[in-house]
Structure formats: structure tokens, C-alpha cells
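Let's walk through this structure together, one region at a time. Keep the view open beside the text and rotate it as you read.

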Amino acid sequence: MADKITRPRPKKDRLRRTMMFMNAQRPGLIKDAYIYGVDSIILDLEDAVAVNQKDAARFSLYHALTTIDYGDTEVIVRINGLDTEYWQEDVRVCVAGGADGIRIAKCESADMVRQVEAAVEAAEREFGVEVGRTLLMAALESPLGIMNAYEICTASDRMLGCAISGGDFRQSMHVQIEPDGIEMQAARSQMLLAARAAGVQCLDTMFPNLDDEEGFRREVDLVARMGFDGKSVINPKQIAYIHEKFAPTQKQIAHAENIARSCRAQSEAGIGVYVVDGKMVDPPFYKEAERIIELAKKCGVYHGDL
Amino acid sequence: MINAVGRDIPDYLLADGKEVYQGRFAKDGQLVKRDSPTCVMHEKPVADKLCASIREACEHCDVHDGMTISFHSEFRNGDYTASQVVKVLVEDFGVRDLHVAATSLGDAHDLLADYIEQGIITHIESSGVRGRIGEAISHGKLKEPAIIRSHGGRPRAMMAGELHVDVTFLAASTSDKAGNASGVGGKNNCGSLGFAIPDSQYADKVVIITDTLVDFPNVPASIKCEDVDYVVVVDEIGDPKRIASKEARFTQDPRELMMAKNAADVIAALPYFKNGFSFQTGVGGPSLAVNRFLEDHMREKNIKMGFALGGVSGAICNLLDKGLVGKIIDVQDFDQTAINHLANNPNHVEMSQSEYANPGSKGSFVNYLDYMVLSALEIDTKFNVNVVTGSDGVVRGAPGGHPDTAATSKCCIIVTPLVRGRMPVVCKDVTTVTTPGECVDVLVTDYGTAVNPARTDIIECLDAAGIPHVSIESLQEKAYSIVGEPDPLQWEDKVVAIVEARDGTILDVIRQIKPYDFE
């Protein structure tokens, strides 16, 4: 089975500004979803697929994974919930086809992560796939999931990150989408803290109203400023603005370059704290400057020579 | 003889001075003696030129076997005139060996396909040959090869006397008793009558057919009374639902939107994108949507379009209403918004098919076009485009203004998906060359953008703007890797249609299709 896998070994720490959901059962969508330049696609076996179509969707998923060249686009699969009878077979198909990762829907505890991990590992052994290859991520869709975010994010070495799922979360909190995002402020903040503490990525929910361009942009601006790594999308037209907003600005890049350039000279001269572009900097700033330049390179907006 | 796009043109077609295609501006500067119609003098004042019926008009027009009649296609699939007239000529007058020249023929004209199959219509000259007429032609039902011309090539052929029309029957939305005719103000409006104007000037006899007779004088008129012999009033000249859609709407298809955006980004990255630039786009999904993304670039850089050519749809009219476009110069209207706009906006004006694109004139509007955005049925690695023959080899499309605008615009952009169904659009060799590759500058597909290597200037601009592009060969290979390489079509020897370049030389030939043989 393992010889069928065509995708390179997945990387935990990669660019995930956008993760686009698509129904795994729709060949017209999944055959070339990579053309839109999205960082990751999420092939959905869960809510998008009717109960009596789960097998058909797995079949189409397996063949997509093993025959379509998705190139640099990450391919993640959203499996059915652990409270269903479908998820274990979903895991076997993902592993056999060589999906880069599995998104655990409605994740509420570290135990749930470990349960999926065990099934993944068993499947890796079953199909002769390198153990540890398949990554995991958790969708936090309830207050309990948010409360347990740190334990969830640290439950397995395979965890690439967590994502909040707004639809279910807002329902359980008895709130609607608000223009300023106040209804998710606490949850987003808490999840961000947990993810950063765990050293994994943190991803925001999708914006459902495709015609509300202004509301969409407002939400993207908010979560970019909060420090998210990316955001789910449900339509290719949402990609460009997110990529623009999650890339460092030219001003940020220039400042980071100045810090990086001056850093060596200053430390050789034995100076700890000094001023760049009128702002005080010290060693922790060097690391952040390097991160910004690295991110700018990955986003394709870096034109310098560092 | 092999022509400049590598197509083998049979020698027997190169009679009477007919030449093979030699390059896009090979005939520039050549002298042309303009043909003139033989007209009946109307010296004595008459009360009107009205005829009670098409039949009565035909009685006055010296109908005979072997005659050439013409029609325009401003009423598109809603056109009643061509079928009605041909029926009268064939059924009432028993005309045989009928030659039909039209700006386009399509689904409204199945009756003509019957007459082709019966051997009554023996020759077709047209831009578009769609529907059953295309099937009949491709199955070798015409005695002589059909001649397929572009919108510019047609008036050139009329001017040069290569296409001489005995009687033209021109549907008009309104006319007065003397034949001043227009595409607006009636009950079935088509907007611009640009396609009809050369016929009114170059045919021996001119018959206007309208369903709305208005008071004399019907001015401003598209077709002038000095060119008109007879006016016929009928109940309905067309089916309004099929003349024009209500408003051609922007696509919501993410793939088409992405291509449209990428095409607009290419436009904005070139030096021609400055105040007063000019632009034309087709009406297909991704082409039309370019308007939307172009608006963003124009606002961002505070640039206004000098004029738009067309093929006009509501999208460009809306841009004019927003103050982003100076003038719209209009040869045909695709939707009701554009038709109403032409009727009501002084900066939206009609032009004739000859003014639009005629290479035999002293300079048509297309000569001043900066950007042209077009689609394609196929495009090959030499950038040759096919918009006429389908994947089964059957004639089913129209060059329209494609070859004219591609040849003259400063940047011609083709927007098309890489594959359609199981067919690769980007291929090694197009079935039929309808626009030479030397006229095509940029190809935008859903899998990437390619620039004609001859346009090193455009390549530099895209690189400077950070717009990624790949070789057209890599796109073709990608297409074949997805859907495979199609087996070649199988043809008979008989040439069923000649694709004329806009300058009148032979660009390609279409042969009779052979039923596919699985060996």
C-alpha cells in the first residue's frame, strides 16, 4: 500500500494561511483544488457528505490522494466525529492514501487526540506507512474544547495545531456573528494562548457569508492582528485577501532587515540594547525579525538578500 | 502550398489570384479598387418604399437562380428574417443554387440547413456557422467550400468585390417609409446595427424588414434611406428572448473569476495601462468578468479608459456610467442593458462592421486598440487559436472579431480553462487555425499564464510586477497529463470550408469529417 503514496513527507511547521474546505465526494472540486494557490485543502468526509455516501466519499478521496499531484498544497482530511461509526474507516483511508494530516472534528479532550493517534498508528503499521508520518490537528467546536485546548495541543507529537470552528461554537454559546467579533473574543484569545504555549499553529474559523465582503475583511483583519497563523476558507475568492493580510508588510520587512543587519555588528561590539528605526531593540527582537523575514520569504513578498 | 502558419493549402484553391496567408501585415500598403453596387435610380419622388410582404419585395428585386443574398446577425438566435426570406425565395419563387452570405448563421436558421441538405443552398459565406448548418457543411453537403471570414474580413471582401451581394435583406428594429432604419426605438430592439451597414452600402438591392414603422424621418439612422430600395413591415422581426439576454451577468465560478483576475493583473502590469487606454472583451464568462477586476485596478491607479470597443455588454456600460470609460464604440449588443444604454447615452455610439475591423479600409477602430481579451476552443504551443471547429472536427463556432482584434491590439490575451471536460484546450496543434499565433500575446489559464516568447517586453513587465508565468509547452504537457493526448480526427479529402485570413488570403481549410473508425 505504501508504494501508492505519492506525496512527500508532511511538515508540521509550514505555511497555513488558508485551509480550504471541499467535499471529498465532488470530483470536479477536488481534482485540481491546488490551482487557487491555497496553502492547505481540507477534504471533508464529515458534514459535507451525506450518511449514505460515506463509502463513496472515501473511495473518491483515496483515488484523489493517490492519483492527483497536489504539488506543494497540503492535503488534510476532516474525518467524522469520534461519536460516529465512520471515523475509524476514515482514518484507514487517509493513512493508506497518504493524506498529510487528519483534522479531528469536535475535539474536546486530549484523550480524543490519543484515540485517533492510536488508530492512525495502527493504520500506518497495517499499510506499511512510516509511523509518525500522518499529522493531526484538532477542531475545537465547543467551550469544553477551548477549555482543554492546551492539553489537546500537547497530546501528541503529531499535532500541527488547532482550529476554532465558529458555527458549532457560537451555537453552544448562544451567540451570533457580531461585526466586531466580540462573541468569539474570549475563545479565540484562550485558544491562541494555548497553541502558542504548546508551540503549535492556531487557525481561525471560516467566514460563512460569501457576499459580505466587508464583514469578511473585518474578520480577517481582526484575527491577523490577534496573531493567528491562518484561517479556514470555503471559497477560493477568500484566499487572496487572507494571504495579503497574513503576509508581513513591506514596512515590517524593512524594519526586520534593519534589525537583522545591525544585530551581528552590535553583539560583536558587546552592545545589548540599541535603537533601530527609532525603536529600542534587544536580543528577543532578533528572533522575531528573523521570523518575519522567513515568513515574508514563504509568502513570496520578500525581495531582499538576507 | 504551406502557408505562414504551417497549414497545407491545396493548390486548386489558389486560382484567380487567391493566395495563402503570408503574415499578419503582409498586405499592408497594397492598393485596392473598391467595388460599387449597381443601383436603381430613384429620381422621381415617391410616397414611400413600402411593400406589403417579403414576397412583394422579392418581386421587385430580380430574384434568380445562382443569386447571392445577405443577412446580418444583430438579432442573433432570435432572428426570424433569414429563414423567412429564404423560404419565400425557395418556396414561392423556386430559386435554386442560392448563395447565402451572412455576418453569422446559427440556431435560428435550421431551415437553411434543410435547404443545404436538399442542394438548394449551394454556397455559404459567413463568420459564424453554428448549429445544424455547421453539421451540414462539415458533412460535405455544399457544392463549393463555405468561406468563413472575420468581422473585418467580410466588409473587406465586399469592398474588394470578392463578395458581391445581389440583394440584402436587413432586419431593423425601426424604419420609416423611406428606409431610414435603426436598431432601437421599436418593439424588438437589437441596439447597434453595425453588421448591417456595409451590406446596405455594397449590395445592389437593399430591403429593410421591420416590425415597427415610425414616422419619417427616423433619424439618427443606422441605415440611410439613400441606400434602401424597399421596406417591408412584418408582425415580428425576432424573438426578444433570444435576441439579447436581460443582462449578461458576471460569473460566480471561482475558476473563471480567478482567470479573470489574473488577466486583469496582466493588463495592469503593462505600459499601455494608462489614462486613455482602450479595451475590448468578449462576452464569455471569464472574459466578461475581467471588467470587474479591471475596475479595481483603474480605481487604485486613478486611471480612466479612453474608449471600449465591442461587442458591448452591460458590464462596460456600467463602467462608463461610473465615469471610468470615456466612450463606447459599438458594433453589436449582447444584452438589454447595452441596448438601452446605446439608445440613451451620447457617449455610447454605433459603428459599422467596416469601421470596426476592416483591414481593407484606411484604418478601422481595431487599429487603435490597446487590449483585447478573448476566449478559445483550442490554442496550440505556437499560440495559434481555433474558435471554429469543435473537438469532433465539426464547424460550430465563429471567428467574429477574434482575428481582427488579435492582429491589431497591442496586447491580445486569451483566457480559457486548460481543459474542457475530457479535451485539452492547450494542445500541440489546433484543429483549425482561425487566429494566427503571431497575433496572440498572452494565455491565461486556470493552471497558469504563458506569454508568447516573441513578446519579451511583456515578459519583462510581468516579471517586474511579480506575476508568475510558465511556458505554453508546460501548460500543454499539463493538459495532456490530465486528460491524455487525443487521437487525431479523421477526415475525408474534400475541403468543406475555407478559413480566410482578414486580408483575404487562405489561413486554413476545413475538410469533410469522416465517421470515426476504431482500427
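In chain A, strand β4 (residues 101-104) is covered on both of its faces. G101(A) and R103(A) lie on one side, I102(A) and I104(A) on the other, and all of them are buried. That pattern is easy to follow if you recall that side chains in a regular strand alternate between the two faces of the sheet. Please bear in mind throughout that this is a predicted model.

Which strand pairs with β4(A) over three bridges? One answer is strand β3 (residues 74-78) of chain A, and the pairing is in the parallel sense. To find the register on screen, look for I76(A), which stands opposite G101(A).

Now zoom out a little. Eight strands of chain A close into a barrel, following the order β1-β2-β3-β4-β5-β6-β7-β8, with parallel pairing. From one strand to the next, the twist averages 25°. Helix α8 (residues 185-198) of chain A packs on the sheet, where it touches β5 (135-140), β6 (159-164) and β7 (201-204). The direction of α8(A) makes about 175° with that of β6(A). At the start of the barrel order, strand β1 (residues 18-23) of chain A runs parallel to strand β2 (residues 40-44), and five bridges join the two. Within this pair, M20(A) stands opposite I41(A).

Strand β1 of chain A also leads us to another helix. Helix α10 (residues 239-246) of chain A has buried residues at I239(A), I242(A), H243(A) and F246(A). Why do they line one face of the helix? Seen down the axis of α10(A), the buried residues fall within an arc of 100°, so they share one face. The general rule behind such spacing is that an α-helix has 3.6 residues a turn, so residues three or four places apart point the same way. The buried residues of α10(A) pack against β1, α9 (213-226) and β8 (230-233) of chain A.

Taken as a whole, chain A holds twelve helices and ten strands. Its radius of gyration is 20 Å, which agrees with the value near 19 Å that a compact globule of 306 residues would have. Along the principal axes, the C-alpha atoms of chain A fill a box of roughly 65 × 45 × 35 Å. Of the 306 residues, 44% count as buried. Look at contacts in chain A between residues at least 6 apart in sequence, and 70% of them join residues at least 24 apart.

Let's cross over to the other chain. The contact between the chains takes five residues from chain B and five residues from chain A. On the side of chain B that touches chain A, four residues are nonpolar, none is polar and one is charged.

Chain B contains 15 helices and 27 strands. The radius of gyration of chain B is 22 Å, close to the 24 Å given by the globule rule for 519 residues, so chain B is as compact as a globular protein of that length. The C-alpha atoms of chain B occupy a box of roughly 70 × 60 × 45 Å along the principal axes. Buried residues account for 57% of the 519 residues in chain B.

A good place to see this burial is strand β13 (residues 277-281) of chain B. Five of its five residues are buried, so β13(B) is largely enclosed by the rest of the structure. F277(B), F279(B) and T281(B) cover one side, and S278(B) and Q280(B) the other. Three bridges join β13(B) to strand β14 (residues 305-312) of chain B, and the two run parallel. Here S278(B) stands opposite F307(B).

Two single residues round off the tour. E74(B) sits in the loop between β2 (68-71) and α2 (81-92) of chain B. Is E74(B) buried or exposed? E74(B) is buried, because 29 other C-beta atoms lie within 10 Å. Beyond its neighbours within four places in sequence, E74(B) is in contact with several residues, including G183(B), C190(B), F195(B) and Q332(B). I147(B), in strand β7 (residues 146-148) of chain B, counts as buried with 20 C-beta neighbours inside 10 Å. Leaving aside neighbours within four places in sequence, I147(B) is in contact with E125(B), I498(B) and E500(B).

Technical notes
Residues numbered from 1 in each chain as written. Chains lettered and ligands numbered in written order. Predicted model: local features only at pLDDT ≥ 70, side-chain atom pairs only at ≥ 80, totals over all residues. Pairing = 2+ DSSP bridges. Helix = DSSP H or I, 4+ residues; strand = E, 2+ residues; numbered from the N terminus. Axes fitted to C-alpha atoms, helices over the stretch in contact; angles between N-to-C directions. Contact = placed C-beta atoms within 7 Å. Nonpolar A, V, L, I, M, F, W, Y, C, P; charged D, E, K, R; others polar. Buried ≥ 20, exposed ≤ 12 C-beta atoms within 10 Å, placed from the backbone. Arc of directions from axis to C-beta. Rg over C-alpha atoms; globule rule 2.2 N^0.38 Å.
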